[in-house]
Each structure stands twice: as C-alpha cells, then as structure tokens.
Amino acid sequence: MLDWAKIDTVMLDMDGTLLDLHFDTYYWLQHLPERYSQLKGVTEQQAKNIIYPKLMSLRGQLDWYSIEYWATQFDIDIVALQHEVRHKIGFLSGTEDFLNWLSTTDKQIFLVTNADHYSLGVKQPHVRLDRWLHGFYHSHDYGFAKEEQGFWQALEKDIGYDPERSLMVDDNLEVLAAAQESGIGHLLAVSKPDSQRPPQDTGKFLSVENVGQAVPTLKEAN
Ligand SMILES: [Mg+2]
C-alpha cells in the first residue's frame, strides 16, 4: 500500500477518481446525442454519427476537456444540458471517507483536473469539494493537458511541491504515466471510475477500486 508518511502533497483528479464518471459517460454518450437530435431535428443515430467521431478524435487533448470547445463545435449550450442531468452528479463510493480522513492529516490536498472551469461550476454545488481541498488546479489554465509534460512543469512551478513526496491519484493511466515521468514519487490508480461499468486494468500502477480503500487501516497507522 501507499507509504503515507512519505507523502506531503496529495493531488487528486476529479472525474472518475473522486466523482462518479457515470455522469460524464451518460451525458456525452446518451444525453447529448438525444438532446442534439431534438434541437437540430436529426435522428438520434445521425446525432451520434456527428458527435461520436468528433469526441473520439480529440481524446486526451486539452480541447477534449473543454466545454467551451464543444459548445462551439456542436453549436449547443453544453452547460445548460449538463444541468438537465445534474441528479447524476455524485461521489464514488469511499470518496467522502477518504477526504474526511485526509483532512485530519497535515498534508496539502489539491484538485488537479483536466476539467475546465465550466465543468467544475456544474459539479461543485452538488459536491462542494472546497470543504476538503486547499486548492484547485485546471490544466486549461496552463494550456497543457495533464497527459503532457508542460502541465507538470507549470504545476510544480505554481504549487512548489516536492515531487518525491507527492502523490497523484487518477483513473487515467496516461496521466499517471506523465506524472511519473515528471518525477512524482507516488502514484495511485482508480480501477473503477464509473459505478455502472466494469473495472479497468490499471497495468503496472498500484491501484484501488475506490479512494476509500486508500485510507490506512488502524493497524497500518500504528
Ligand atoms: Mg479522471
């Protein structure tokens, strides 16, 4: 398991790590095509044929995570449509236990996300992550996705963390690999980012099904 005594800075991804990715999966793959077809007067299949390839082509790039970009691309008010399914926004099992425990330590806790400010704005009122976190860092503010080294260089400069004593927790294995390459000493993968889907293979990375499992047991803590 993680050696918490060697970690001062905890950097947490949002979607699929703290929050259930089901909201995003449902929104982009079902709700958006459904509403697009209604708003644009095309069939749902036609809507999917327009939306899916565009989403696939930019996967992992900064624009893929930009609500503004997709609003322009699809000529749709993405934020308004996200509010329509806001009841699906929620924590993954174990998240609140983990954050509550983390808050009892003296570690610095940061959100480090590819989600843009619009996306956080939709989710934040429902989850109030500011109750636990000491700072929010968005890749959009640096102009690099977390998958890119430019992001980690900018973040390290900004936060001033000691990479060797820092932990990144993410459900995106490409992001963990990039964090590792940048020198982050501790990495943890989430194997079940979406409550409605089967777990993913996290390869070489140490993993938990949900972050609640990263809370040390009494035996480990003593
Ligand atoms: Mg994620």
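Helices here are DSSP runs of H or I with at least four residues, numbered from the N terminus. The model is predicted. In it, the secondary structure of the chain comes to 9 helices and 6 strands. Asp 75 sits in one of the loops, between helix 3 (67–74) and helix 4. Its phi is near 50°, a positive value in a residue that is not glycine. Asp 75 is exposed because its relative accessible area, 58%, lies over the 50% limit.

Asp 75 is also among the contacts of Trp 70. Trp 70 belongs to helix 3. The surroundings of this tryptophan, leaving aside neighbours within four places in sequence, comprise Trp 28, Lys 54, Leu 55, Leu 58, Asp 63, Trp 64, Asp 75 and Ile 78. Trp 70 has a relative accessible area of 1%, under the 20% limit, and therefore counts as buried. Between Trp 70 and Val 85 there are 17 Å, C-alpha to C-alpha, for a sequence separation of 15 residues.

A second positive phi in a residue other than glycine occurs at Arg 128, with a value of about 45°. Arg 128 is placed in the loop between helix 6 (117–127) and strand 3 (135–138). With a relative accessible area of 41%, Arg 128 is partly exposed.

The overall dimensions were computed next. The chain has 222 residues and a radius of gyration of 18 Å. A compact globule with 222 residues would have a value near 17 Å, so the chain agrees with that expectation. The C-alpha trace spans about 60 × 35 × 30 Å along its principal axes. Buried residues account for 50% of the 222 residues. The accessible surface of the chain is about 10,600 Å². Carbon and sulfur atoms contribute 47% of that surface. Contacts between residues at least 6 apart in sequence were also examined. Of these, 66% join residues at least 24 apart.

The chain is divided into two domains. Domain 1 covers 4–20 + 90–221, and domain 2 covers 23–87. Their C-alpha centres lie 25 Å apart. The contact between them takes 18 residues from domain 1 and 15 residues from domain 2.

Gly 90 lies within the bounds of domain 1, at the start of its 90–221 segment. The loop between helix 4 (78–84) and helix 5 (95–103) holds this glycine. Gly 90 has a relative accessible area of 19%; the cut-off for burial is under 20%, so Gly 90 is buried. Not counting residues up to four places away in sequence, Gly 90 touches Leu 19 and Asp 20. Trp 4 is 86 residues from Gly 90 along the chain, and 27 Å separate their C-alpha atoms.

Trp 4 also features in the nonpolar interior. The largest nonpolar core has 46 residues. Those with the most contacts inside this core are Trp 4, Leu 12, Leu 32, Phe 98 and Leu 129. Helix 1 (residues 22–40) supplies the largest share, 6 residues. At least three residues of the core come from each of domain 1 and domain 2. Another core, of 19 residues, lies apart from this one. Its members include Val 112, Met 168, Val 175 and Ala 179.

Leu 12 has contacts with residues named in both cores. Leaving aside neighbours within four places in sequence, Leu 12 is in contact with Leu 18, Phe 98, Leu 99, Leu 102, Ile 109, Phe 110, Leu 111, Val 112, Leu 133, Met 168 and Val 169. Phe 98 is named in the largest core, whereas Val 112 and Met 168 belong to the core of 19 residues.A magnesium ion is bound by three aspartates. Its protein donors are Asp 13 (OD), Asp 15 (O) and Asp 171 (OD). These donors lie 2.1 to 2.2 Å from the ion. Along the chain they follow the spacing D-x1-D-x155-D. Asp 13 is buried, with a relative accessible area of 5%. Asp 15 has a relative accessibility of 15% and counts as buried too, because the limit is under 20%.

How values were computed:
Residues numbered from 1 in each chain as written. Predicted model: local features only at pLDDT ≥ 70, side-chain atom pairs only at ≥ 80, totals over all residues. Heavy atoms only, no water. Donors = N, O, S within 2.8 Å, 3.2 Å for Na, K, Ca; no water. Buried < 20%, exposed > 50% of the residue type's maximum accessible area, 1.4 Å probe, protein only. Core = buried A, V, L, I, M, F, W, Y, C linked by side-chain atoms within 4.5 Å. Helix = DSSP H or I, 4+ residues; strand = E, 2+ residues; numbered from the N terminus. Domains from an automatic or database assignment. Contact = heavy atoms within 4.5 Å. Rg over C-alpha atoms; globule rule 2.2 N^0.38 Å. Areas by Shrake-Rupley, 256 points an atom, 1.4 Å probe, with all protein chains shown as cover.
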